[in-house]
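Notebook open, structure loaded. I'll jot down what I look up as I go.

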Amino acid sequence: MMPWEPERYEAWFDTPEGRFALDQEIRLLQNVLAGWPRRKRKMLEIGCGTGLFLEQMYQMGLDVTGIDSSSKMIMAARKRFGNRADLHIGNGENMGYSDNEFDYACIWSVLEFSKDPEAMLVEAARVAEKGLLIGFLNKHSLYYTMDIRKAESTLSKGNWFTWCEMKDLIKRATGFHPTMARSVLPGPMKTWKSTGIASMLNSKIFPPSVGAFVAVRVDFINMKPMNPLFAWKTEPGLG
């Protein structure tokens with residue numbers, strides 16, 4: 001995983017563009033999660049960072065656990081959560097959790113910065129009984145083309161995915177097709193504003209190939225796996 005500093009990470013979301021982007025990502029998260037039962041369901045966020053999005057899932061009624069390879073990020077998350085979440089330092093590509101220990105697992109803006117994103121998805125599928133939520137940055141977006149591609153930044157050093165690449169990765173790693181996918185922020189960063197026509201456009205939810213940020217839901221329950229190795233996900237008693 002690439003190193004992130006909690007202060008710089010949180011500071012980005014305090015900028016006007018960052019606040020607007022955060023609002024849209026939260027709306028997207030809520031939209032994609034809406035189809036899942038949440039009361040007394042356990043969610044693991046892999047690469048939870050400072051807990052910004054884990055907080056949203058907690059507020060949506062999930063029992064939340066977070067894991068991150070950065071001790072600084074976990075310290076910041078513990079400051080945010082107190083005893084409301086179970087937080088651990090660990091490697092998302094090789095976790096010590098039992099098979100199906102959680103109902104769901106979430107990987108939000110992390111695969112781009114993993115040394116082995118497929119291994120991380122395989123591991124997430126192993127520990128999640130009912131499904132995965134995946135958020136990623138879209139390489140085919142205007143944001144990447146106009147703001148990231150030629151920049152010298154931490155984001156530019158990540159391995160960005162196209163929607164087609166992510167679909168293929170999910171199929172290989174989990175044995176399941178994505179159940180649904182949506183995106184937000186179709187415009188470049190200069191249009192991420194809370195007023196004007198640009199605000200109206202960037203506040204809508206789009207098909208996955210359009211926006212800068214994409215969320216994908218992968219359901220395991222009552223879905224037929226493509227790969228026989230993952231048939232255990234649909235065995236009786238796991239629903």
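**Leu133 and the cores**

I began with Leu133 in this predicted model. Leaving out residues up to four places away in sequence, I get contacts from Leu133 to Leu29, Val32, Leu33, Trp36, Ala105, Cys106, Ile107, Trp108 and Val216. Which residues have the most contacts inside the largest nonpolar core? The list reads Leu33, Met43, Leu54, Met57, Leu87, Trp108 and Leu133, in a core of 41 residues. So I noted two of Leu133's contacts, Leu33 and Trp108, as fellow entries on that list, because each is named there among those with the most contacts in the core.

Next I looked up where that core comes from. At least two residues each are supplied by α2 (16-33), α3 (52-59), α4, β4, β5, α6 (142-148), β6 and β7. Helix α2 gives the largest share, 8 residues. Apart from this core there is another one, of 31 residues, and Leu121, Phe161, Met166 and Ala181 are among them. A general reminder to myself: in soluble globular proteins, nonpolar side chains tend to be buried together.

**Strand β7**

Is β7 mostly covered or mostly open? Mostly covered: 7 of the 7 residues in β7 (213-219) are buried. I then split the strand by side-chain direction. Phe213, Ala215, Arg217 and Asp219 point one way, while Val214, Val216 and Val218 point the other, and all are buried.

I checked the neighbours too. Strand β5 (residues 128-137) pairs with β7 in the antiparallel sense over 7 bridges. Strand β6 (residues 180-184) also runs antiparallel to β7, joined by 5 bridges. Ala215 turned up in both lookups: it is the bridge partner of Gly135 and also of Arg182.

The charged residues in β7 caught my eye. Arg217 forms a salt bridge with Asp219, with the closest N and O atoms 3.0 Å apart. Both Arg217 and Asp219 are buried.

**Other salt bridges**

How many salt bridges does a search of the whole structure find? It finds 8. I followed up a few.

Glu10 forms one with Arg80, the closest N and O atoms being 2.5 Å apart. This pair links distant parts of the chain, since Glu10 sits in helix α1 (residues 6-12) and Arg80 in helix α4 (residues 71-81), 70 residues apart. Glu10 counts as partly exposed because its relative accessibility is 25%. Arg80 also counts as partly exposed, at 29%.

Asp99 and Arg126 meet through their side chains in a salt bridge of 2.8 Å, N to O. Here too distant parts of the chain are linked: Asp99 is in the loop between β3 (86-89) and β4 (102-108), Arg126 is in helix α5 (residues 117-127), and they are 27 residues apart. Asp99 has 52% relative accessibility, so I logged it as exposed, the cut-off being over 50%. I also found that Asp99, Glu123 and Arg126 are linked in a network of salt bridges.

**Leu44**

Last lookup: Leu44, in strand β1 (residues 42-46). Why does Leu44 count as buried? Its relative accessible area is 0%, and buried means under 20%. Not counting residues up to four places away in sequence, Leu44 touches Thr65, Gly66, Ile67, Met95, Tyr97, Phe102, Tyr104, Ala105, Cys106 and Val127. For a distance check I took Leu44 and Thr154, which are 110 residues apart in sequence and 25 Å apart in space, C-alpha to C-alpha.

Note on methods
Residues numbered from 1 in each chain as written. Predicted model: local features only at pLDDT ≥ 70, side-chain atom pairs only at ≥ 80, totals over all residues. Heavy atoms only, no water. Salt bridge = Lys/Arg side-chain N within 4 Å of Asp/Glu carboxyl O. Helix = DSSP H or I, 4+ residues; strand = E, 2+ residues; numbered from the N terminus. Buried < 20%, exposed > 50% of the residue type's maximum accessible area, 1.4 Å probe, protein only. Contact = heavy atoms within 4.5 Å. Pairing = 2+ DSSP bridges. Core = buried A, V, L, I, M, F, W, Y, C linked by side-chain atoms within 4.5 Å.
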